[in-house]
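This briefing was prepared for a reader at the bench who wishes to work through a structure by topic. Please keep the sequence and the model in view while reading.

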Amino acid sequence: MSLFGRGRGGPARVTVREAAARTGHARAAGDSGVCVLLDVRETGEWQAGHAPGAVHLPLTALAAGAGLPAEALSRPVVVICRSGRRSRQAAELLRARGVEAVDVVGGMQEWAGAGLPVVDARGGNGTVA
């Protein structure tokens, strides 16, 4: 069984609350923090605001064949973008490469809407662009 608790053929999507718990952003009982939050938005979007501790790899680079950043190697990956469309594509690409990956329904818009932390490139309060 997958770390993400999805059976074979099941949807490979998680809510922002599930993503926060799996990546250590939530402070509830059972937080594992064993997954990497991979943000696949473009650089300008990332700089405006991203989850603290997230790893950045634009979908354009991933689709062109770029490998995962070192922090994400050999770990399950939770993929996020602005709204969920690009992250779904990225998760499919990663799963085709043998990476255990899910995407976040609603993306960074839902993340921020749920009151989860967003920082800019300088570590200050960020916004979702």
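The points below go from the overall chain to the sheet, and then to individual residues.

The model is a predicted one. The protein chain holds five helices and five strands, and from the N terminus its elements follow the pattern β-α-β-α-β-α-β-α-β-α. The five strands form an open sheet with parallel pairing, in the order S1-S5-S4-S2-S3.

**Chain as a whole**

- Of the 129 residues in the protein chain, 43% are buried.
- The accessible surface of the protein chain is about 6400 Å², and carbon and sulfur atoms account for 51% of that area.
- Among contacts in the protein chain with a separation of 6 or more, 61% are between residues 24 or more positions apart.

**The sheet**

- In the order S1-S5-S4-S2-S3, the edge strands are S1 and S3 (55-56), each of which pairs on one side only.
- Strand S1 (residues 13-14) runs parallel to strand S5 (residues 101-104), and two bridges join them.
- Within S1, Val14 is placed opposite Val104 of S5.
- Strand S4 (residues 77-80) also pairs with S5 in the parallel sense, over three bridges.
- Here Val78 is the residue that stands opposite Val102 in S5.
- In a regular strand, side chains alternate between the two faces of the sheet.

**Helix H4 and its packing**

- A right-handed β-α-β unit is made by S4, helix H4 (residues 85-96) and S5.
- Helix H4 lies across S1, S2 (36-39), S4 and S5, and runs at about 180° to S5.
- Ser87 is a residue of helix H4, and its relative accessibility of 0% places it in the buried class.
- Beyond its neighbours within four places in sequence, Ser87 is in contact with Val40, Val79, Ile80, Cys81, Asp103 and Val104.

**Cysteines**

- How many disulfides does the structure hold? The number is zero.
- A disulfide is a covalent bond between the sulfur atoms of two cysteines.
- Cys35 has a relative accessible area of 3% and is therefore buried, the cut-off being under 20%.
- Cys81 is likewise buried, with a relative accessible area of 1%, and Cys81 is one of the residues in contact with Ser87.

**Ser74 in a loop**

- Ser74 is located in the loop between helix H3 (59-63) and S4.
- Is Ser74 buried or exposed? Ser74 is exposed, because its relative accessible area is 83% and the class begins at values over 50%.
- The phi angle of Ser74 is near 60°, a positive value in a residue other than glycine.
- Most residues other than glycine have a negative phi.

**Val16 in helix H1**

- Val16 belongs to helix H1 (residues 16-23).
- With a relative accessible area of 7%, Val16 is buried.
- Which residues does Val16 touch, not counting those up to four places away in sequence? They are Val104, Val105, Gly107, Glu110, Trp111, Ala114 and Leu116.
- One of these, Val104, is the residue of S5 that stands opposite Val14, and Val104 is also in contact with Ser87.
- The C-alpha atoms of Val16 and Asp103 are 9.5 Å apart in space, although the two residues are 87 residues apart in sequence.

**Gln109 in helix H5**

- Gln109 is found in helix H5 (residues 107-113).
- Gln109 counts as partly exposed because its relative accessibility is 37%, in between the cut-offs of 20% and 50%.
- Not counting residues up to four places away in sequence, Gln109 touches Arg82, Ser83 and Val128.
- Gln109 and Thr127 are 18 residues apart along the chain, and a distance of 9.4 Å separates their C-alpha atoms.

Notes: Residues numbered from 1 in each chain as written. Predicted model: local features only at pLDDT ≥ 70, side-chain atom pairs only at ≥ 80, totals over all residues. Heavy atoms only, no water. Pairing = 2+ DSSP bridges. Helix = DSSP H or I, 4+ residues; strand = E, 2+ residues; numbered from the N terminus. Right-handed = clockwise from strand over helix to strand, strands pointing away. Contact = heavy atoms within 4.5 Å. Axes fitted to C-alpha atoms, helices over the stretch in contact; angles between N-to-C directions. Buried < 20%, exposed > 50% of the residue type's maximum accessible area, 1.4 Å probe, protein only. Areas by Shrake-Rupley, 256 points an atom, 1.4 Å probe, with all protein chains shown as cover. Disulfide = S-S within 2.5 Å.
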